[in-house]
Amino acid sequence: MSSLFSYRRHVDDGEEEMLMAEDHGPDLIHPQEFRRQCGINRSSLAYYDCEEREQPVPHESLDYLPSHSGVYKKWLQEKTYGKEWDRWLLMGLIGTAVGMLGFLTHQIVDSLIKLKWDLVESYLKDGNFHLVWVCVLGSGLAMVLVSSSLVLFFCPAGSPSGLPEIIGYLNGTSIQHLFSIKTFLGTFVSCMLAVASGLFCGLEGPMIHLGAILGCGLSQLQSDTLGIHLPFFTRFRNSADKRSFITAGAGAGIASVFRAPIGGLLFTLEEVSSFWDIRLAWQTFFCCLTATFTTDLLSSSLHGFVYRGHFGFFEAEKRILFWVKNLLDMHVLAFIPAILLGMLGGLLGALFVSLNIKINKLRMQFFNSIPKPSLSKTSKLLETVLILVCTTTVTVYLPYFFPCTPVMNARNYQLRNSSEIIYQFKREISEYGCSPNTSWIGPDGVRYSNQTFNQAAALLVENGKRGITYLFKRGTHEEFGYTSLCTALAFYFILSCWTAGSAVASGLVIPMLYTGALYGRIIGLILVSIFGVQTNEYGAWIDPGLFAAIGAASFFSGVSRLTISLTVIMVEITNDVQSLLLIMLAVMVAKMVGDFFSASLYSSLLRLKCIPYLDVEPFVHHRRERLELCMLLENEHIFEPETSNESFSFSHPLTYEKITVEKLPKPSRLAVLLNRYTTDPRYQQLFINLEPYINKSAMSVQAHFSLQRTYIIFRTLGLRHLTVVDLQNRVVGVITRKDLMPLPLEERLRLQLSPQSPDAGE
């Protein structure tokens, strides 16, 4: 009997066996064999589902034929959606929704931070730091308790940022509850409260997750939780299109939060998506464009939910996140400290990744050792409270030990409206008991002031985004000293590493930029100490603000190992085209140095969370574990008895729409049926004819085909599984993505190369 259908059963101890239904006629499989594979325990991978399944033939199309092909044109003319206007419409809607969400998130976070520090303004002026600590900690605790409770008890899929899960999903791994409404609401509220509470974290990771959820929800227009199944855009309710919209939504999330549309596009290409083509690139580009435009449009006139006028007027100072106003001419000598910063970024980035993974492993081991789930979740909640207490103590009491420093007059020259500078500094820099300032207009028409500020307060009190703005400023050579910079770097590095992975929805982009900006500013300050403040055009590049931006890019690359997208994002958020080559050099060096010591943070988190991921693999079709087979088992009328003449009826096959479902309608009913099929002797001689449901034109390779070429074929063609045949074209096995993971490959190669291996001579 020849095998035309084979499948793999994975048992708990890791053993695999190939079950073959051999017959020269139609493909049959006994219902009891279905029971064996559908009733397995997933053991440690219960949360992730990475088994591959072949899609039925009706899902295939003629998209790969050339545009001048007559067959292609005829097929395209028969389609009512040949122009794909509905796909572009959905991309625009997703981008608009993500842009509105990004605007809303920033407004709420800024309002909460302002409210928190306005409550203690009088205590700060009086120098009563104990009451400041109590009030700030109290408001922060209220926020972090809600934030952590939402992650732990309302939406477990929202912890901590969702980015590794999105990467794994787009690589072919199905993760439960990743795109549910509960996850959306919980992540949205949790990330805002976590950032506003004072924890050293950012909004970027959760915004990517939220954008992906919007991309999934708006493209499918159905929800089992709400009981909504709208009859619109139904042709997009398949895995391929859904993943494309999720990719676009993730890119729109990063584009909205950074006001960087091209950076959002390249970020999805370089880090998030596993499958890419030019059509998806154009659609993601449009989605990122609409997201950034929506955020900019709303931010142009609304601040703190109050209309400020000038609707539709995009001011550079408002829309560019860390606007660098004074661009500097570069010198070839500037490449030397850029290389140094790249090496430092790679080393510190690898250290950050290693330390964070070790903390997360210890965290998992400790919490998993607690037998009661409720007690384990409570312990996670208490950990976030402990992190907040440490963070609040540092941010409130540490500036007490730093004296007040005069604000450099150079900064006054940089602002267009002198009447706004005092207002802005009073709002942005906590004076921490410094004497009140006075201002006057000099004979040159420039407004001067004797305002003083606390260096440590400026770097630690409010949030990382404003601290980055201070560090990127040009012409402020000596405004921050070594003591404040080194102290802020040490505490921010440790606390942000501890915070990442805790039970709150949070991101790491702002902490990465901030940490790099701190040591970059230190390197710039060292150069200023050596060469002095240079006022001529050939030495103006010796500016701590310039090296702060380069350092931020280097540490970001050292942790994430991003290159192209990171370079573009840095240019978009600073408007500093002059330092493009320096940023590129630092990013490349940081990546090479970091790769020498460890994998990237996201790759390490994928392994830590046991999310199966195949590097450089294109798009993989997948939803849940063997749902088509389960749907076939639920329809007893298609069972057929075995006959001697091997003739089987083809009447009443199930439709494609009926067997391709996102989840089982009644899982309990299937369990009852499977138990009946196993125990009732009437089903012992019944079979299912699989011929109407299988793909008869699947890819195949010979049994002795090259392993390297097999891997290339599997990932470049985006296959879900690859059939292995012998010289007589009979099936001898099936290769799935699990077989091409590094550990199984290494194990098989070790056995083949072992002298004692019975297969060594084959």
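The paragraphs below lead through the interior, one surface patch and a strand hairpin of this predicted model.

A convenient place to begin is the nonpolar interior. The largest nonpolar core holds 138 residues, and of these F258, F472 and L513 touch the most other members. Helix α20 gives the most to this core, with 13 residues. For F258, leaving aside residues up to four places away in sequence, the contacts are E204, L321, V509, L513, I569 and I573. Apart from the largest core lies another one, of 20 residues, which includes C630, L633, F639 and I694. As a general background, nonpolar side chains in soluble globular proteins tend to be buried together.

Helix α24, which spans residues 601-608, shows what enclosure looks like for a single element: six of its eight residues are buried, so the helix is largely enclosed by the rest of the structure. The buried residues are L601, Y602, S604, L605, L606 and L608, and they pack against α6 (163-170), α10 (261-272), α13 (335-368), α20 (509-531) and α21 (544-560). Just after α24, C610 takes a positive phi of about 60 degrees.

Another helix, α19 (residues 482-499), contains L489, whose relative accessible area of 17% falls under the 20% limit, so L489 counts as buried. Beyond residues up to four places away in sequence, L489 touches T515, L518, Y519 and I522. The C-alpha atoms of L489 and G516 are 8.7 Å apart in space, while the two residues are 27 residues apart in sequence.

The surface offers a contrasting topic. There F154, I181, L185, L226, I228, L230 and F232 form a nonpolar patch, with about 580 Å² of accessible area together. One of these residues, I181, lies in helix α7 (residues 181-197); because its relative accessibility is 31%, I181 counts as partly exposed, a class that lies between the 20% limit for buried and the 50% limit for exposed.

The last stop is a hairpin, in which strand β17 (residues 721-725) and β18 pair in the antiparallel sense over five bridges. Within this pairing V725 stands opposite V731 in β18. Five residues lie between the strands of the hairpin, where N729 takes a positive phi near 65 degrees. Strand β18 covers residues 731-736, and five of its six residues are buried, so this strand, too, is largely enclosed by the rest of the structure.

Technical notes:
Residues numbered from 1 in each chain as written. Predicted model: local features only at pLDDT ≥ 70, side-chain atom pairs only at ≥ 80, totals over all residues. Heavy atoms only, no water. Buried < 20%, exposed > 50% of the residue type's maximum accessible area, 1.4 Å probe, protein only. Helix = DSSP H or I, 4+ residues; strand = E, 2+ residues; numbered from the N terminus. Contact = heavy atoms within 4.5 Å. Core = buried A, V, L, I, M, F, W, Y, C linked by side-chain atoms within 4.5 Å. Patch = residues over 30% accessible without salt bridge, like charges linked within 9 Å, V, L, I, M, F, W, Y side chains within 5 Å. Areas by Shrake-Rupley, 256 points an atom, 1.4 Å probe, with all protein chains shown as cover. Salt bridge = Lys/Arg side-chain N within 4 Å of Asp/Glu carboxyl O. Pairing = 2+ DSSP bridges.
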